[in-house]
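The following paragraphs lead through a structure made of several chains, going from the way the chains meet to the packing of individual helices. Please keep the sequence and the coordinates at hand while reading.

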Amino acid sequence: MNRFMQSDFFYHFRNTPVAMISFAVFTCIILAAVFANIIAPYNPFDPASLNLMNGFTPPMQANDFTGEVFLMGTDDQGRDLFSTILYGLRISLFVGVMAVALAMVLGVLLGLIAGFLGGWFDVLIMRFADIQMTFPSILVAMLIYGVAKGVLPPDLRYEMSITVLIISIGLSEWVPFARTVRGSTLVEKEKEYIIAAKMIGLNKWQIMIRHILPNVLSPVLVIATITFALAIIAEATLSFLGVGVPTTKPSLGTLIRIGQDFLFSGEWWILLFPAITLLALALSINLFGDWLRDTLNPKLK
Amino acid sequence: MSYVIANQLTRHYDLSDPWIIRQINRRPKNILTAVNHVSFSIEKGEAYALVGESGSGKSTIAKMVSGLLKPSAGSIHIDGHDLNGPILDGKATHNMRQRIQMVFQSPYASLNPRWKIGNIILEPIKSFRLIADEKQQHKRVAELLDQVGLSERDVSKYPHEFSGGQRQRISIARALASQPEIIICDEPTSALDVSVQAQVLNLLKDLQKEFSLTYLFISHDLAVISTMANKIGVLKDGKLVEEADSAELFANPKHEYTKMLLSAAPNIGVYVHSERKS
Amino acid sequence: MANPLLEIDQLSVSLKKRKQTLKAVDNLSLKIYSGEILGLVGESGAGKSMTGSAILGLIDPPLFISSGKIIFEGERIDQNTKNIRGSKISMIFQDPLVSLNPLRRIGDQLVETIITHFDVSKTQAFERAKSLLEEVGIDPSRINAYPHTFSGGMRQRVVIALALAPEPALIIADEPTTALDVSVQAQILDLLKKLAKERGTAIILITHDMGVIAETTDRVAVLYSGRLAEIGKTADVLKDPKHPYTKGLVASTPRIDANSLLEKLFQIPGAMPDLDNIPEGCPFHPRCDFADAQCRKEQPPLFQNRSACWLSKD
């Protein structure tokens with residue numbers, strides 16, 4: 001730990017306000033989501049605790065009927081917006097993390113195979129990647145989502161919503177990982193330590209995983225950070241469009257959709273607070289990811 | 001019978017355009033012959049050097065002798081076994097690999113930057129199943145490090161913590177770890193400073209004596225070869241144009257190309273002569 | 001002795017790293033005269049390339065010239081090198097692949113350089129370019145060819161022609177033959193010798209190869225840890241080195257010799273220190289067989305214009 005604190009990396013971190021602020025912001029948001037059950041004054045997912053009469057209460061004002069005060073107001077169903085945002089963040093973050101993990105594992109593996117084995121593997125994987133990249137990733141996600149939902153038996157559809165969402169976002173984001181890893185693999189495989197590994201008798205898979213993989217992972221971290229932001233926004237978009245998480249467990253996207261309906265009738269807070277939260281989350285992750293990429297880039301040193 | 005026999009080694013590279021382009025442009029196939037029917041033999045315990053400039057085919061020959069590249073024609077026999085013969089026994093082929101190891105030119109690219117050097121040296125021992133017991137394995141790694149002039153404490157360090165010369169020593173330790181009989185040295189000191197080069201070359205000499213190793217030395221530097229090899233083969237454009245014991249080659253070069261190489265090589269010997277008279 | 005063409009007077013090039021100031025070149029003094037080839041030899045990190053860059057004003061932050069003067073043709077140039085660089089002093093680098101613009105014909109690159117430095121018409125410049133190519137041993141009819149159509153050695157000749165185009169008084173050649181084959185190397189070195197002799201151009205040849213020094217240079221300066229260890233006529237320094245480091249370098253250089261197989265090469269123990277680890281006193285003392293108490297405490301000056309070693313005092 002001590003060595004990290006004295007390293008050049010930490011030194012740059014301490015000296016770049018953008019990095020520190022964005023890191024602080026998204027850490028706060030993540031912690032808020034993790035400890036939602038402690039911080040949130042209400043549980044928005046428990047239908048029994050909701051009181052429709054609380055609906056449309058503006059922030060920090062006593063409700064006309066019940067007299068309760070809510071930090072950020074309530075939505076149309078009487079849910080405390082602050083609590084709903086916190087719990088909704090959990091879903092957004094969970095989907096984001098799992099989708100990135102899926103995209104990363106799949107992309108890195110395919111990139112390694114395409115780069116190291118070459119030949120037809122390379123051609124097939126890369127052309128498929130090219131074709132997939134001609135479509136906006138949201139469309140790809142919607143396509144996969146729709147197909148999966150159609151394939152699943154009706155009783156599972158609700159329960160598997162989140163899983164299907166994760167799979168569809170994950171499968172739409174693997175290409176940048178694969179392309180970067182393939183490029184690095186092509187460079188590493190010509191190096192002499194790989195020849196040495198062959199002379200020791202290792203087979204192709206052993207070489208790929210033990211020797212090449214550790215050396216192609218550094219750009220992956222940066223791509224993962226940025227893809228994480230994309231995945232969160234993708235989830236919000238899909239929920240906004242109505243094809244994401246079910247409405248009984250709203251995520252940030254769902255809240256934004258609800259809020260949009262009521263914006264022009266004056267209940268501005270239902271849209272504003274979830275939107276700001278989403279913006280803060282995505283922006284802080286992106287800024288941190290950018291800084292990380294610039295700092296870790298050996299060529300800029 | 002000689003220990004290493006290269007017989008009519010040939011390697012072609014097909015650099016032709018794809019068939020359809022050739023048809024449209026009416027161009028013939030473009031085959032590059034990197035190595036053209038090269039034959040030589042190395043006795044056990046000898047140090048044989050292949051000298052040539054770029055494009056001479058020496059690196060390609062090194063790859064074929066090491067078993068990494070299949071010749072287009074010709075054969076390599078090590079201790080009577082055909083390196084590219086039918087794989088009758090998978091285990092025998094694996095063991096064949098153990099007997100030939102290589103030390104490379106670049107001290108930076110020849111060690112995996114993400115591995116601790118202890119593990120780098122341990123890997124051949126594990127792969128060839130030379131030592132099963134973990135404690136003995138660690139002992140062996142320490143022993144190898146000591147043999148190349150490094151210390152046991154270096155085991156948990158990463159390659160970037162070492163200088164170029166030290167990294168070459170680690171490469172040599174790795175090569176020794178599989179207890180090979182033949183080591184192919186591909187320009188092992190070209191990237192090193194003079195004083196470091198001297199240390200590494202002396203180390204290689206000592207190791208050869210101590211472990212009765214057979215060396216195939218690849219270099220473009222006649223002065224280095226003069227120090228290391230007792231027999232030299234001169235390569236030009238894929239062909240072996242002259243082969244002789246080193247003393248004989250330097251004293252009486254026969255081929256024009258050999259004479260040209262000797263006269264062109266920058267030689268401190270114009271001012272400095274060794275004291276010993278033969 | 002005529003006046004020196006270039007004089008480096010107590011030059012130091014420093015580097016600021018977090019909290020320390022490190023010296024890449026330390027108190028270096030050198031003179032070079034017209035028509036001679038001076039070799040600057042040393043191992044990696046000794047400061048030889050840095051010296052060449054300093055002369056040309058190519059030192060970029062975080063490195064900076066912390067003290068000393070560089071005097072060219074009687075005038076100080078270390079503060080403002082822009083006018084001199086490329087015209088009176090030109091440079092040749094190691095890798096001919098990256099020294100030439102692959103997208104431009106060699107004739108164009110030559111003509112552009114000539115026109116920049118001399119007030120001549122394009123046609124005249126063209127003729128000059130052709131004669132330059134001939135001087136460096138390239139068929140002048142290839143003046144409209146692109147760099148990639150030349151082999152490595154020929155490309156280096158083109159680079160030399162480019163360096164000659166402004167009619168410089170001094171050429172700094174930084175490892176010009178390291179990337180080339182042996183046979184080509186010999187030709188390029190012969191070309192440099194011819195230029196020094198026929199044109200009177202001074203050449204500073206920076207290299208780590210003692211063999212190249214032996215075959216090409218008139219005088220040689222040996223650098224160690226950014227300081228001058230020994231300087232003198234090449235024949236003297238190589239046959240009878242005075243500084244223990246030079247002795248070690250010469251003894252550890254392999255040579256083509258029937259006896260060398262049976263002997264071990266001399267090896268200097270240890271390695272040249274990193275910039276942040278340079279010992280007090282003489283930087284070589286930890287590796288020196290003859291070091292005494294004075295060597296460990298005080299930096300030796302240059303004695304008899306030859307060797308920076310306390311043992312050379314007499």
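Chain A and chain C are joined by no contact, and their closest C-alpha atoms lie 10 Å apart; here two residues are in contact if their C-beta atoms, placed from the backbone, lie within 7 Å. This is a predicted model, in which local features need pLDDT of at least 70 and side-chain atom pairs count only at pLDDT 80 or more, while totals for chains, interfaces and linings use all residues. Residues are numbered from 1 along each chain as its sequence is written, and chains are lettered from A and ligands numbered from 1 in the order in which they are written.

Among the 2 pairs of chains that touch, chains B and C share the most contacts. In that pair, 39 residues of chain B are in contact with 37 residues of chain C. On the side of chain B that touches chain C, the elements giving two or more residues are helix 7 (194–211), helix 8 (222–228), helix 9 (246–251) and helix 10 (256–264) of chain B, where helices (H or I, at least four residues) and strands (E, at least two) are DSSP runs numbered from the N terminus. Helix 7 of chain B gives the most to this side, with 8 residues. The residues of the side of chain B that touches chain C comprise 20 nonpolar, 15 polar and 4 charged; Ala, Val, Leu, Ile, Met, Phe, Trp, Tyr, Cys and Pro count as nonpolar, Asp, Glu, Lys and Arg as charged, and the others, Gly among them, as polar.

Within this interface, helix 10 of chain B packs with helix 6 (residues 182–199) of chain C at an angle of about 50°, their axes being 9 Å apart; axes are lines fitted to C-alpha atoms, for helices over the stretch in contact, and angles run from 0 to 180 degrees between N-to-C directions. Helix 10 of chain B and helix 6 of chain C are therefore oblique to each other, given that angles under 35 degrees count as roughly parallel, over 145 as roughly antiparallel, 65 to 115 as roughly perpendicular and the rest as oblique. From helix 10 of chain B, B:Met260, B:Leu261 and B:Ala264 meet C:Val182, C:Ser183, C:Gln185 and C:Ala186 in helix 6 of chain C. This contact of helix 10 of chain B with helix 6 of chain C has 5 nonpolar, 2 polar and no charged residues.

The contact between chains A and B takes 13 residues from chain A and 20 residues from chain B. Helix 11 (192–199) and helix 12 (204–216) of chain A are the elements that give two or more residues to the side of chain A that touches chain B, and the largest share, 6 residues, comes from helix 11 of chain A.

Turning to chain A itself, its secondary structure comes to 15 helices and 0 strands. Its 301 residues include 43% that are buried, a residue being buried if 20 or more other C-beta atoms lie within 10 Å of its own, exposed if 12 or fewer, and partly exposed in between, with C-beta atoms placed from the backbone. The axes of helix 10 (residues 175–188) and helix 13 (residues 218–240) of chain A come within 10 Å and cross at roughly 170°, which makes helix 10 of chain A roughly antiparallel to helix 13 of chain A. The contact is made by A:Pro176, A:Phe177, A:Thr180, A:Val181 and A:Ser184 of helix 10 of chain A and by A:Pro219, A:Val220, A:Ile223 and A:Thr227 of helix 13 of chain A.
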